[in-house]
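Student: I want to learn how to read a fold from its coordinates. Can we go through one feature at a time?

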Amino acid sequence: MTERCFVKVEFDPATSGSQIKRAVGGFLRYIQHRDQHPASKPARTSPDVAGLVKYVAYRDKAGGRAELFGPEGSLGTKERKDFVGFVTRSIEGSEPQIFRTRNGRLMDRRHAVSRFLISPESAPGLDLKRLARAAVSRLETEMGVRCLCWIAAVHRNTAHHHVHLVVAGMRADEAGGYRRVDITKPRLMAMKEALGLEIERQRSDRMPSLPTPNLPTSTTAGPAEPAVIEAPFVSPLLIRALPLPPTSRLPVGSSGGHARVDWRIRHSSSILALRAVAKRYSRQMQREVEREAWLLGRERAA
């Protein structure tokens, strides 16, 4: 079953250049450097992008070094300031896209940045940087581009380790202009799917692999005879005798009765599948024994 991963996204609207530098820069500095108050939230009186970047840049209290990273690997203060500069230039170098909401408010379709919070349900053993890269890669695939500007950091200052991912709200196009990076519902669902697949991939990479058997090699010339590998015989009776896993200790009339039955059905299916594999294996071994006896009889008759 796929592990759950919490994903939250928020948008900071396009504002003036000074507000962008103050909000985004401040948020990134917070993530890059040590957080003196990990249990409290940073005070934000306005959607300034500079403060946002300052928050992302601070290092969490549990870490011994900054874990700010991007498309090219680990990042530092210079790359953080370059990111803030790109966000500022993209907003100042593009035209406002004003529209009226249903309640009559005027809004700009452009966003300075999109802020993601990625928090797996069970983070131990996972490479959180690979999770962030998988999410951005899927977003680029959905948009048909490969030039998104983003920056992220890993935080381990809470019970649930998580990643702060900040994606620039605009991207540079081939003509030297800027286009919006819209995080639509289908694109967000695709990113969540990519996170689930990446978690499964990392978990499977940690599964121990079976050792490769040593096959006998022939030292004489001529046609090679098929090698016979001795394998332990597994009787289907042994598999059939395996008990089913114990059910949950819930009362019969409780609300968890359906969950208990479903849990037993899933494990029963696994046992049945294992029995079928053992039966096929037994038949194969029996055919090989009969063929060896037939060949031995021919040799003695000759």
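Tutor: Start where a helix stops. This is a predicted model. Helix 4 is followed by G144, with a positive phi near 75°.

Student: What lies at the start of helix 4?

Tutor: Look for a side chain reaching back to the backbone. Here a side-chain oxygen of D127 comes to within 3.1 Å of the backbone nitrogen of K129.

Student: How many residues does helix 4 have, and what span does it reach?

Tutor: Compare the end-to-end reach with the expected rise. Helix 4 covers residues 128-143, 16 residues in total. From first C-alpha to last it reaches 23 Å, close to the 22 Å expected at 1.5 Å a residue.

Student: Which residues of helix 4 are buried?

Tutor: First, the general idea. An α-helix has 3.6 residues a turn, so residues three or four places apart point the same way. Now the case: the buried residues include L128, L131, A135 and L139. K129 and E140 are also among them.

Student: What is the strand order in the open sheet?

Tutor: Trace the pairing from edge to edge. Six strands give the order 1-6-8-7-2-3, with antiparallel pairing. The edges are strand 1 (5-13) and strand 3 (73-74), each paired on one side only.

Student: How many bridges join strand 6 to strand 8?

Tutor: Count them along the two strands. Six bridges link strand 6 (residues 111-120) with strand 8 (residues 162-168). One partnership is S114 with V167 of strand 8.

Student: Which helix lies across strand 1 and strand 6?

Tutor: Check the axis angle too. Helix 5 (residues 185-205) lies across both, running at about 145° to strand 1.

Technical notes: Residues are numbered from 1 along each chain as its sequence is written. This is a predicted model: local features need pLDDT of at least 70, side-chain atom pairs count only at pLDDT 80 or more; totals for chains, interfaces and linings use all residues. Side-chain values use heavy atoms; hydrogens and water are left out. Two strands pair if DSSP finds at least two bridges between them. Helices (H or I, at least four residues) and strands (E, at least two) are DSSP runs, numbered from the N terminus. Contact means heavy atoms within 4.5 Å. Axes are lines fitted to C-alpha atoms, for helices over the stretch in contact, and angles run from 0 to 180 degrees between N-to-C directions. The expected span of a helix is 1.5 Å times one less than its number of residues. Buried means under 20% relative accessible area, exposed over 50%, partly exposed in between (1.4 Å probe, protein chains only). A polar contact is a pair of N or O atoms within 3.5 Å; within protein, one must be able to donate a hydrogen and the other to accept it, and residues adjacent in sequence count only if both atoms are side-chain atoms.
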